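Biologist: I have some questions about how the labels in this model are earned. Shall we take them one at a time?

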Amino acid sequence: MTISDITVHQKDGGFLVAFSDQAGDRIEVTLYTVASPGLTADNAVSRAKALLEKAAKSTHTDDRSNRDAASLEEELDEGLEDTFPASDPVSVTSSATAHPKTGH
């Protein structure tokens with residue numbers, strides 16, 4: 001994807017930076033002067049790019065994928081123990097009593 005257009009607009013105490021490609025896809029980044037001291041229209045694009053790069057490189061994923069296999073196995077065992085009656089196989093016996101045929 002090649003960015004074909006970058007626009008900067010003032011918005012509610014900050015700036016909205018929009019990155020668009022030729023297909024019409026768009027990513028918008030809102031930056032606030034309270035959170036970004038020294039933010040101006042001139043440096044808003046570079047700060048928005050830096051924020052997007054951080055987001056793309058972020059290692060924050062589902063916490064389970066960061067744990068080792070032994071830890072996950074232990075959690076699975078605990079979960080099965082906590083739900084033990086529900087994890088038992090379905091009984092193949094029936095509790096209904098048979099009624100004799102009445103001839104009709």
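Biologist: What makes the contact between the side chains of E28 and R26 a salt bridge?

Modeller: This is a predicted model, so we reason from its coordinates. The side chains of E28 and R26 come to 2.7 Å, N to O. The cut-off is 4 Å between a side-chain nitrogen of Lys or Arg and a carboxyl oxygen of Asp or Glu. The value of 2.7 Å lies within 4 Å, so the pair counts as a salt bridge.

Biologist: How many salt bridges does the structure hold?

Modeller: It holds 1 salt bridge.

Biologist: Why is E28 called partly exposed?

Modeller: Its relative accessibility is 46%. Buried means under 20%, and exposed means over 50%. E28 falls in between, so it is partly exposed.

Biologist: And what is R26 called, buried, exposed or partly exposed?

Modeller: R26 has a relative accessible area of 46%. That is also between the two limits, so R26 is partly exposed.

Biologist: How do you know that β1 and β2 pair?

Modeller: Strand β1 covers residues 3–11 and strand β2 covers residues 14–21. Pairing needs at least two bridges. These strands have 8 bridges, so they pair, and the sense is antiparallel. I6, for instance, has F19 in β2 as its bridge partner. I3 stands opposite D21 in β2.

Biologist: What links β1 and β2?

Modeller: They form a hairpin with 2 residues between them. D12 lies in the turn and has a positive phi of about 35°.

Biologist: Which strands are the edge strands of the sheet?

Modeller: The open sheet has 3 strands in the order β1-β2-β3, with antiparallel pairing. β1 and β3 (26–32) are the edge strands, as each pairs on one side only. Neighbouring strands are turned by 15° against each other on average, direction ignored.

Biologist: What pattern does the protein follow along the sequence?

Modeller: The pattern is β-β-β-α-α-α. That reflects 3 helices and 3 strands.

Biologist: Where is confidence lowest, and where is it highest?

Modeller: Helix α3 (residues 84–87) is lowest, at a mean of 57. β2 is highest, at 94. The protein has a mean pLDDT of 78, and 65% of its residues reach 70 or more. Where pLDDT is low, the predicted coordinates should not be read in detail.

Biologist: How much of the protein counts as buried?

Modeller: Of the 104 residues, 14% count as buried. For those residues, the relative accessible area is under 20%.

Conventions:
Residues numbered from 1 in each chain as written. Predicted model: local features only at pLDDT ≥ 70, side-chain atom pairs only at ≥ 80, totals over all residues. Heavy atoms only, no water. Buried < 20%, exposed > 50% of the residue type's maximum accessible area, 1.4 Å probe, protein only. Helix = DSSP H or I, 4+ residues; strand = E, 2+ residues; numbered from the N terminus. pLDDT = per-residue confidence, 0-100. Axes fitted to C-alpha atoms, helices over the stretch in contact; angles between N-to-C directions.
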